[in-house]
Amino acid sequence: MVDTKVELCGIELDNPVMAASGTFGYGYEFAELYDINCLGTFSFKGTTGDARFGNPTPRIAECREGVINSVGLQNPGVDKVISEELPRLARVFDKKVMANVCGFSPEEYVMVTEKLDSCEQIGWFEINVSCPNVHEGGMAFGTDPKAAAEIVRCVRQKTKKPVIIKLSPNVTDICAIAAACEDAGADGISLINTLLGMRIDLRSGRPVLANRMGGFSGPAVFPVALRMVWQVYDTVNIPVIGIGGVSGPEDVIEMMMAGASAVQIGAANMTDPYVCRDTVAALPETMRKYGITSLKDIIGGAHE
């Protein structure tokens, strides 16, 4: 008998598999395909104060080992998330969900967090200071330790729920930023968000994306994400969520050995909508294959 249960900031999960924000909508869309309660949980679509249409099209550029997106935080705004999206989710998902919060100023992060804090469904806040697809705010906060810490301090005052900071890989020292966030009161670190990338159309000689650059994700980023999870696990004393190129149970186990307490699957959802379900189903057999009886026991195990 194997044990897939893990704990994330004091909340027990049936398993460590989560769907990443921006690849799973608000959950109920995938519930039409399978019972999403099989997941540990998921992080819903990045939510801002006001509704956002997002960036102009085209927004997606394909790559050999992944995809580049420049969606630009399209979402209905926090009030409609509360009045429409979360009630629809409640009909198909009976676990706590992670709220991905985005903003263009400290005040917006605070406002969105404060409004969502009263929602019983929300178990954690994932504060996204790492989006590479917008011109103001977003990644700018996540590339400077002081700016990231300031967002943490502001949000921390508005909720008693766990605050997890989602960081950008587009920096020179991920550990300094993670440490600053921990010192400011963060309860966990999510990493990584997408790498900054682009494609050029050889026929037109112009960038494929209307926004020129976007966030590169998919299998090619897995070694980068794994390395940063390893580094940050050695730096902080709070849980780490591993994200980036994960597409199966062996990737989940590798991320956990590097130091992740939970693992998010992102881009793979766009090519295989059943990937999270299938990864959860395959975890027990994969654990037996490698002689693992409890996933809690392997977190950071590669460091020993």
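A residue counts as buried when its relative accessible area is under 20%. By that criterion, seven of the 10 residues of helix α8 (residues 249-258) are buried, so the helix is largely enclosed by the rest of the structure. The model is predicted. This briefing addresses helix α8, the nonpolar cores and aromatic groups, an open four-stranded sheet, and two individual buried residues, Cys119 and Ser217.

**Helix α8**

- The buried positions of α8 are Pro249, Asp251, Val252, Ile253, Met255, Met256 and Ala258.
- These buried residues pack against strands β1 (6-8), β3, β15 (240-243) and β16 (260-265), and also against helices α7 (222-235) and α10 (275-289).
- Gly259, just after α8, adopts a positive phi of about 135 degrees.

**Nonpolar cores**

- In soluble globular proteins, nonpolar side chains tend to be buried together.
- The largest nonpolar core in this model comprises 87 residues, and the members that touch the most others are Phe42, Phe44, Leu116, Ile127 and Ile165.
- A second core, separate from that one, has six residues, among them Ala61, Leu195, Leu209 and Phe216.
- Leaving aside residues up to four places away in sequence, Phe42 is in contact with Met18, Ala19, Phe24, Gly25, Tyr26, Gly27, Ile36, Leu89, Phe93, Val97 and Met98.

**Aromatic groups**

- Five aromatic pairs are present in the structure.
- One of them joins Phe24 and Phe42 in a tilted arrangement, with 5.0 Å from centre to centre and 50 degrees between the ring planes.
- This pair connects distant parts of the chain: Phe24 belongs to the loop between β3 (17-19) and α1 (28-31), whereas Phe42 belongs to strand β4 (residues 41-42), the two being 18 residues apart.
- Both Phe24 and Phe42 are buried.
- A single aromatic cluster contains Phe24, Phe30, Phe42 and Phe93.
- Elsewhere, the charged end of Arg59 is placed over the ring of Phe53, at 5.2 Å from the ring centre.

**Open sheet**

- Four strands make up an open sheet, ordered β5-β6-β14-β11, with antiparallel pairing.
- Its edges are β5 (60-63) and β11 (195-197), each of which pairs on one side only.
- On average, and with direction ignored, neighbouring strands of the sheet are turned by 35 degrees against each other.
- Strand β5 runs antiparallel to β6 (residues 66-69) and is joined to β6 by four bridges.
- Within this pairing, Ile60 stands opposite Asn69 of β6.

**Ser217**

- Ser217 is located in strand β14 (residues 214-217).
- Ser217 has a relative accessibility of 12% and therefore counts as buried.
- Its contacts, not counting residues up to four places away in sequence, are Glu65, Gly66, Val67, Thr194 and Ala267.

**Cys119**

- Cys119 occupies the loop that connects α3 (106-116) with β8 (122-128).
- Cys119 counts as buried because its relative accessibility is 10%.
- With residues up to four places away in sequence excluded, Cys119 touches Ile82, Leu86 and Lys161.
- The C-alpha atoms of Cys119 and Leu86 are 8.5 Å apart in space, although 33 residues separate the two in sequence.

Conventions: Residues are numbered from 1 along each chain as its sequence is written. This is a predicted model: local features need pLDDT of at least 70, side-chain atom pairs count only at pLDDT 80 or more; totals for chains, interfaces and linings use all residues. Side-chain values use heavy atoms; hydrogens and water are left out. Buried means under 20% relative accessible area, exposed over 50%, partly exposed in between (1.4 Å probe, protein chains only). Contact means heavy atoms within 4.5 Å. Two strands pair if DSSP finds at least two bridges between them. Axes are lines fitted to C-alpha atoms, for helices over the stretch in contact, and angles run from 0 to 180 degrees between N-to-C directions. Rings of Phe, Tyr and Trp (its six-membered ring) pair if their centres lie within 6.5 Å; planes under 30 degrees apart count as stacked, over 60 as edge-to-face and the rest as tilted. A charge sits over a ring if NZ of Lys or CZ of Arg is within 6 Å of the ring centre and within 35 degrees of the ring normal. A nonpolar core is a set of buried Ala, Val, Leu, Ile, Met, Phe, Trp, Tyr and Cys residues joined through side-chain atoms within 4.5 Å.
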